[in-house]
Each structure stands twice: as structure tokens, then as C-alpha cells.
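Trainee: I am new to this structure. Please show it to me, then let me ask how each label is earned.

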Amino acid sequence: MSYITFKRGNMKVVVIGGGASGLIAGGYSALNGNETVIIEKNEKLGKKIYITGKGRCNVTNAVGSEEFLTNVVSNPKFLMSAIHSFSPSDLMELIESYGVPLKTERGMRVFPVSDKASDIIKALANFAYSSGVKTRLESECSKLIIKDDRINGVELKTGEKIKADKVIVATGGYSYRATGSTGDGYGFAKSAGHSIVELKPSLVGINLKRKDISALSGLALKNVELKVYDTNGKPASSGFGEMLFTHTGISGPLVLTASARINRKNIDGASISIDLKPSLDAKTLDNRIISDFKKYNNKIVLNSFDDLLPKALIPYVIGNANIDAYKRVNSVTKEERSRLVGALKDFRFEIESLGDINTAIITSGGVSTKEIDPKTMESKIVKGLYFVGEVLDVDALTGGFNLQIAFSTGYLAGNAQ
């Protein structure tokens with residue numbers, strides 16, 4: 001099998017993966033005078049970025065570095081050097097310098113003004129190409145070539161070998177596998193002697209045990225409080241905002257955040273609680289119910305909550321309160337009203353499971369950060385081998401944080417000599 005060699009440069013660098021972390025790593029590697037090639041299995045670069053932010057690409061979050069790290073769920077201390085070295089403002093400056101203006105929306109989420117993820121890909125690709133990066137599309141690495149605990153290159157599935165002084169693994173995680181995130185990087189890491197922290201879905205919907213939940217599919221709730229209680233009944237996550245019912249459970253911003261908080265916990269017997277009226281205390285809510293009952297004095301309970309709840313939700317709340325839905329409101333007792341208040345403030349369901357990892361926005365778990373130098377992203381086991389982005393055991397909440405982690409870790413690896 002013949003070796004492919006580079007023509008010039010201080011180092012010969014191979015980047016496996018042409019996504020967010022790979023493009024930044026490759027671009028900065030080439031800027032440093034290295035002969036750099038990105039090996040990408042897909043027919044185009046940045047395939048997963050095209051679907052981020054529902055096609056708009058929430059490219060980063062414009063908070064400061066310290067606040068940024070509070071939104072990292074797994075191993076925030078490991079990322080301190082990365083985020084401080086290449087901050088959200090650094091990324092924004094880079095992207096705008098390649099002709100893509102950005103805007104900041106609610107929650108400091110940053111998007112291209114055009115609302116087109118494709119514009120972010122073009123900017124990143126232009127950065128990489130203008131820096132001198134070469135690409136091999138529709139090419140797939142099959143293994144790392146390691147000699148004497150040092151990287152020596154990679155072998156492609158075709159049998160071709162590419163010699164390299166440095167290999168950066170930027171293969172992504174194991175979610176949205178149609179975009180090429182098929183977990184290849186974990187195999188490369190294992191072959192190099194690295195430990196893999198168990199993979200879990202993160203930023204994903206939650207399936208509920210109640211099977212008639214499908215009747216609520218498509219119902220969106222705003223300004224509610226969601227709490228998750230673990231197996232022992234202790235609070236594991238809480239938040240205020242928006243959520244959505246699906247045919248098997250719940251999703252939406254609140255739920256995605258909750259999934260990131262609980263995906264490494266034992267959720268057997270865990271439950272979720274929705275406060276449908278968090279702005280009202282129990283007494284005020286009881287007075288509100290009394291007022292509505294007076295308004296609908298001759299109606300049945302089922303038809304007296306239209307001013308308080310979405311229609312689809314009413315039978316569930318009444319059922320949770322264990323009240324006859326066809327009882328006249330003028331005969332509802334004080335104790336029954338108390339149960340209604342309880343059902344509204346603690347609308348509870350048992351959790352069955354998290355959504356499938358292939359539907360998750362990101363993968364939690366990955367290459368153990370204990371085996372990676374946080375200042376360079378270099379392996380502590382194999383010299384010249386680097387891991388960046390989602391393949392690492394780092395993940396954050398929704399809002400552009402995970403893409404920024406990919407960019408920042410790629411920056412460190414690309415600049416490491």
C-alpha cells in the first residue's frame with residue numbers, strides 16, 4: 001500500500017472530520033504553516049451544521065467566558081483554557097470577517113442575519129480554504145497508524161495511507177447519524193488506548209409512561225415551571241419557560257435542558273412535575289378557580305376551565321385531581337378544589353426513558369477528559385494525537401454552547417505545535 005505524502009510545511013497534519021471543530025482546527029493548523037488535509041466521509045463539509053438551530057444555525061452564545069462555563073454540564077473546568085483562548089466574541093469576529101453578519105437574539109443566542117446555516121458553513125469553509133487547507137471529501141478513515149506511542153498517520157478504507165506528524169480527531173458524536181456522526185472517533189480513541197465515558201443522549205425529548213399522552217401531541221405550553229425528580233424523589237432539574245407535548249412524551253427548551261441534567265442519573269421511578277401556573281400561589285389560584293366556578297355556575301367541571309387551561313389539557317388535570325369531570329361546579333367541595341390546585345401546581349408524570357440517542361441534539365459522554373491535555377487537546381497516551389468537539393466527554397445546555405465548545409477545542413488543537 002502506497003503512502004500519500006504532503007509537498008511542504010512544518011508539520012503534516014490530518015484532521016478527521018470536516019464539521020465545526022474540524023474546520024476550525026484545520027484552518028488554524030494551516031495558518032501555522034502546516035500541510036493540512038481534512039478527511040471527510042460526506043460529500044460536503046459541515047453537514048450537521050446545516051440542521052442546527054432548525055436550519056438557522058445558533059452558532060454560539062454571546063455571554064462572557066465565565067458565564068459560558070456555567071452552562072457546561074460535563075467537565076466545565078476542562079474547557080476553561082479552550083473558552084478563554086477562543087471565546088464567543090473571537091468566533092463572531094472570525095465569521096463576520098468572512099462576510100457573514102451575525103445577530104444576537106433572546107438568551108444571547110447568536111445567528112447569522114440571513115437565518116441560513118449554509119452561510120455559516122460557507123464562512124468556515126472559506127476560512128479553511130483561504131488558510132491553505134486541502135480536503136478529501138467522500139473519504140473515510142478506517143484506523144490510526146501509531147508507532148512507539150506516537151501518531152504516524154491514518155489509513156483510509158480504500159487502503160491508502162496518509163503519513164502525518166499530527167492527527168486531529170473531529171468526528172463528532174453519535175447523534176443524527178445520517179449526518180455522518182456514526183461514532184467513528186470513539187473507535188479511534190479506543191484503538192489508541194483511551195477510555196470512553198458511556199454515551200448518553202443529551203438535549204433530547206423525554207418519553208413518559210402514560211400512554212394516553214399522545215392526545216396532547218403538539219400542545220405547546222409557555223411560562224410553565226418544569227421539575228424533574230430522581231429515583232429517590234429528590235429534585236434533579238428545574239427550569240421556567242416553554243415546552244411541548246409529543247406523541248410519546250415531552251420536548252421543547254425546558255425538556256432539552258432537563259435531559260442534559262439527568263442523562264447520567266438512574267431514572268427508574270423518576271418523574272416530571274409541571275407547575276402550570278407558577279405565577280400564582282396556591283391561595284391565589286384557589287381564588288381564581290372560585291371566580292371561574294361562579295362565572296360557569298351551572299356548568300360541569302369539564303366545561304369550566306376554558307379561561308384557565310388549553311382545552312386539550314383540561315381532562316388530564318381533572319383526572320389527576322380525581323374529580324368527576326361531569327360534576328356541577330356549584331357542588332365542588334373545598335377539598336376537591338384543593339386537589340385541583342394541587343393538580344395545576346404539580347401536574348405529574350412518570351418518566352419512561354430519554355429519547356433515542358439518534359434524535360438527540362448532542363451526545364453526552366465520550367473520550368475521557370482525564371486523558372487529554374486541556375491546553376492543547378492532545379492525547380496524554382499517544383503523542384501527536386488530538387481529540388476535539390463532541391467526541392470528547394464535554395457537553396452543555398442548548399443555546400449555541402455546544403457549537404462554541406467544538407470551535408474552541410478545535411482552535412486549541414489547530415494551534416498546538
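**Contacts between side chains**

Mentor: Start with lysine 211 and glutamate 352, whose side chains meet in a salt bridge, 2.8 Å from N to O. Lysine 211 lies in the loop between β14 (206-208) and β15 (220-229) and glutamate 352 in strand β19 (residues 347-354), so the pair ties together parts 141 residues apart in sequence. Helices (H or I, at least four residues) and strands (E, at least two) are DSSP runs, numbered from the N terminus. The model is predicted: local features need pLDDT of at least 70, side-chain atom pairs count only at pLDDT 80 or more, and totals for chains, interfaces and linings use all residues. Residues are numbered from 1 along each chain as its sequence is written, and side-chain values use heavy atoms, leaving out hydrogens and water.

Trainee: Why is the contact of lysine 211 and glutamate 352 called a salt bridge?

Mentor: A salt bridge needs a side-chain nitrogen of Lys or Arg within 4 Å of a carboxyl oxygen of Asp or Glu. Here the N to O distance is 2.8 Å, so the pair qualifies.

Trainee: What makes lysine 211 exposed?

Mentor: Its relative accessibility is 59%. Buried means under 20% relative accessible area, exposed over 50%, and partly exposed in between (1.4 Å probe, protein chains only). Glutamate 352, with 40%, is therefore partly exposed.

Trainee: How do you know that lysine 143 and glutamate 155 form a salt bridge?

Mentor: Their N to O distance is 3.8 Å, which satisfies the cut-off. The pair links strand β9 to strand β10, 12 residues apart. Glutamate 155 has 11% relative accessibility, so it counts as buried. Lysine 143, at 43%, is partly exposed.

Trainee: How many salt bridges does a search of the whole structure find?

Mentor: The search finds 27. Some join up: Lys41, Glu140, Lys157 and Asp184 are linked in a network.

Trainee: Now the rings. How many aromatic pairs are found?

Mentor: There are nine in the whole structure. One of them joins tyrosine 28 and phenylalanine 86, 5.9 Å centre to centre, with 75° between the planes.

Trainee: Why is that pair called edge-to-face?

Mentor: Rings of Phe, Tyr and Trp (its six-membered ring) pair if their centres lie within 6.5 Å; planes under 30 degrees apart count as stacked, over 60 as edge-to-face and the rest as tilted. The values 5.9 Å and 75° meet both conditions, so the label holds. Both tyrosine 28 and phenylalanine 86 are buried.
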